[in-house]
Amino acid sequence: MIPIHWFLELAAVLFVVGSLGVILRRNALIMLMGIELQLNAANLTLVAFSRAYHDAHAQAFAFIVIAVAAAEAAVGLAILVGIFRNRRSVNVDELTIMKH
Amino acid sequence: MDFDVSQLSAIGPIVALTVAGCFLLLLEAFAGGRQRAYLMPLTLAAVAVALVLEAGQWRDAQLATSAFHGLLAVDRFSILLSSVFLVGCGMTALLAPAYMKEHEFEFGEFYALLIFATAGMIILAQATDFVTIFLGIETMSIAVYVLTGSWRNSAKSAEGAMKYFMVGAFATSVLLYGIALIYGATGTTALAEIARQAPRVSQAPLFIVGFLLVIVALGFKIAAVPFHMWAPDAYEGAPTPVTAFMATTVKAAGFATLIRLVATTFSRTELAYGSSGWASILSWLAVLTMTLGNLGALRQDNVKRMLAYSSIAHAGYLLVGVVAIAVVGADARGPLIYYLVAYTFTTIGAFGVVAWIGNKNDERVMIDDWAGLASRHPAQALAMTLFMLSLGGFPPTAGFFGKFYVFRAALEKPTLIWLVVVAVLNSVISVYYYLRVVTAMYFREPGRELRPLRSNGVTAALLIAAFGVLAIGILPSWLIDAANAALFLQ
Amino acid sequence: MLWQSVQPMGRVTAQLATGDQGMQWSGPQIWWWIIAVFTVGGAISTVTRRNNIAAVMSLVATFFGLAAMYAMLSAHFLAALQVLVYAGAIMTLFVFVIMVLNRDEAEPWAWSGIFTKIVGVFALVYLVTKVGYHLFGVAAAHPETPPAEFGTVAQVGEVLFTDYLFVFEAVSVLLLIAVVAAVVVARQRGGGGTDDDDASADITTTPAVGHSTGHEDHHS
């Protein structure tokens, strides 16, 4: 039998890796992938707890999250393509038109 | 299993808005640009229908009801907040057509996205389960990301949308991970059930970390410092009517969730107090948000960006009211609702004037561009003065009573005096930059020639905003009474 | 990072190395470790690659690993969905966009605004370390095997169409918004300004913006 907390710790590691990708990388595409990693880590946590509680509701929630993540990724990529058309770059550090 | 058609009345406004949004999309798709003039009135009609349905619920909702297996609630809190969102949506729709035409980015899907975003906010106001909270936030946010970036040929708009999207999506992931941990600690996502289990789990580290992550994620959504870095750029980059929408209704939707969570689910003392209790966290966020928002606004010569920072500062004053919930209990929600209404009218009005003054070649958002406005357009200058006074908190405007009620609620127990003192000092500082606009309009020589928008819609929106600011400022009692009666589903 | 949660795992590995200390490794557990290393390796590779395509491929590997994890948790329906939707649909979208953009970034790691980021990273790592430590205490809350129908399409579907009926319907609105969003953004190409043809023509030129000052201002 595999202990549930192994899955939970794996999810925590994935969440950190994804967050580091979002915080430290400046390539918008990689940042988007980091966000997908974070969402997947949260999903793994939900599914692991769902297994622990024998409760299918969390699995249904994870299903919803997958659908929402697809919509979010589509919109994010659309915005990214739009900005690339303007700027020829996906580096978020070059987004400095507006003064601070 | 036991689906009941009568439950549909609980989501009447959401259904009405969704149907209207689909209809607008079809109209735009099949009739093309020819029918575009009808889109704005149809949007207003949809908003009116939804408002009527909300009013019907207000009459019926003597007792708060729950619908769809506890996913949604209909209570007076949700009805009042939903009405605020609807009014904000309607006023944005009034501002939009002339602005889009002048700046040459007309597209019919704008109204559908606006309506869908509003539907997401109403879901959020009614949500009593983390599943619906997540869904509502995503529906609202995704539509607003697109609206922010909808100004084609504007590099600023695309840039603002990108920053908004990245930060917003990051916040969503944090929220979801927090929800997953809370689920792990309690075995449920229903707010009522979590509240029932709170005595058992409130010291469980999983629960506390999950709850902190949820608070942080909501901090991003309401643009509280230090989670605000996206806000000035997104607000400045977005088309001005969208900025008005974001600064008011999106923020109010975030606060609706935050208020419901801290007043019901996380209301237990051991969650509110202590070093990692939400009261101390939110009071520090409030101090930072007010102060840094005001300091940011002080340095701006760009009126649109100044208003963006000002809206950050106002999130700080609202957070003072949220902290008051920890001290005086859920009764403190009334002042918060009043403040949100007052702030919505005022801010949409102020951004409306910013949208009105510019034209295609010349956005005229710098403060020098406003010099001498009073001599040429006295009515608009007067309206802007009114909004500035309301934002600064002068009587007898709505903004004054908003601050008054919120601060008074926080002062009911002496523990929050320091917070109110900081808030009042901040309000005093803010008067400087609000009055700077007023003095520019009245006491400086006119500059270049103005060519503002000519549109009945913009005029109507400004009139509604000015009327709202004065009406609830001069006669505040009916609104604060209604807000105090806005019970939660317990 | 994650000292607290890594330590227990390290202890387990040490036990494995030193022979039997009372810890018996079953077949599924060994498989779990193999897949976990594969998954985490894919994730780390995703966020460190310079080449976007390499990053996407690493992410696909991670998603397959996660699907296997779901299967181990008896969430068979989700495991299938993970492969279909994530590895199938979303990743295709990523690859498509990367093909359109077709450029690698010059500087993979950002050194600008480093102070804010260090604070952010430390806060994050601290928080998740704390979580990881306490997750270890969760242990096997309910170790017994689930009922046979757990995680099947029938069971998850029943929840979706009864308790989560509203959410299920509302997600369709969300997907509609995403479609409209794509249309709105795609339509922008007719609007003048930059033309798409020269976007593909000068993809190799340096970014047009020269004001990359190198410091990101967070004090605002």
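This report describes chain B, one of its helices, a nonpolar core and the contact between chains A and B in a predicted model.

**Chain B as a whole**

Chain B holds 20 helices and two strands, and its C-alpha trace spans about 70 × 55 × 40 Å along the principal axes. For 490 residues a compact globule would have a radius of gyration near 23 Å, and because chain B has 21 Å, its value agrees with that expectation. Buried residues account for 65% of the 490 residues in chain B, and among the contacts with a separation of 6 or more, 79% join residues that lie 24 or more positions apart.

**Helix α17 of chain B**

Helix α17 of chain B covers residues 398–410, and at 1.5 Å a residue its 13 residues should span 18 Å; the end C-alpha atoms are 19 Å apart, which agrees. Since 10 of the 13 residues of α17(B) are buried, the helix is largely enclosed by the rest of the structure. Its buried residues include Phe401(B), Tyr405(B), Val406(B) and Phe407(B), and also Lys403(B). The elements that cover these buried residues include α13, α14, α16, α18, α19 and α20 of chain B.

**The nonpolar core**

In soluble globular proteins, nonpolar side chains tend to be buried together. The largest nonpolar core here has 311 residues, and those with the most contacts inside it are Ile64(A), Leu113(B), Val323(B) and Ile177(C). The largest share of this core, 23 residues, is contributed by α3(A). Leaving aside residues up to four places away in sequence, Val323(B) touches Ala279(B), Leu282(B), Ser283(B), Ala286(B), Ala410(B), Leu416(B) and Leu419(B). One of these partners, Ala410(B), is also among the buried residues of α17(B).

**Where chain A meets chain B**

Contact between the two chains involves 32 residues of chain A and 30 residues of chain B. On the side of chain A that touches chain B, the elements giving two or more residues are α1 (4–24), α2 (28–53) and α3 (57–87) of chain A, and α3(A) gives the most, with 14 residues. The classes of residue on this side of chain A are set out below.

| Class on the side of chain A that touches chain B | Number |
|---|---|
| Nonpolar | 24 residues |
| Polar | five residues |
| Charged | three residues |

Helix α3(A) therefore appears in two parts of this description, since α3(A) gives the largest share of the core whose best-connected members, those with the most contacts inside it, include Ile64(A), and α3(A) also gives the most residues to the side of chain A that touches chain B.

How values were computed
Residues are numbered from 1 along each chain as its sequence is written. Chains are lettered from A and ligands numbered from 1 in the order in which they are written. This is a predicted model: local features need pLDDT of at least 70, side-chain atom pairs count only at pLDDT 80 or more; totals for chains, interfaces and linings use all residues. Two residues are in contact if their C-beta atoms, placed from the backbone, lie within 7 Å. Helices (H or I, at least four residues) and strands (E, at least two) are DSSP runs, numbered from the N terminus. Ala, Val, Leu, Ile, Met, Phe, Trp, Tyr, Cys and Pro count as nonpolar, Asp, Glu, Lys and Arg as charged, and the others, Gly among them, as polar. The radius of gyration is taken over C-alpha atoms; the globule rule is 2.2 Å times the number of residues to the power 0.38. A residue is buried if 20 or more other C-beta atoms lie within 10 Å of its own, exposed if 12 or fewer, and partly exposed in between; C-beta atoms are placed from the backbone. The expected span of a helix is 1.5 Å times one less than its number of residues. A nonpolar core is a set of buried Ala, Val, Leu, Ile, Met, Phe, Trp, Tyr and Cys residues joined through C-beta atoms within 7 Å.
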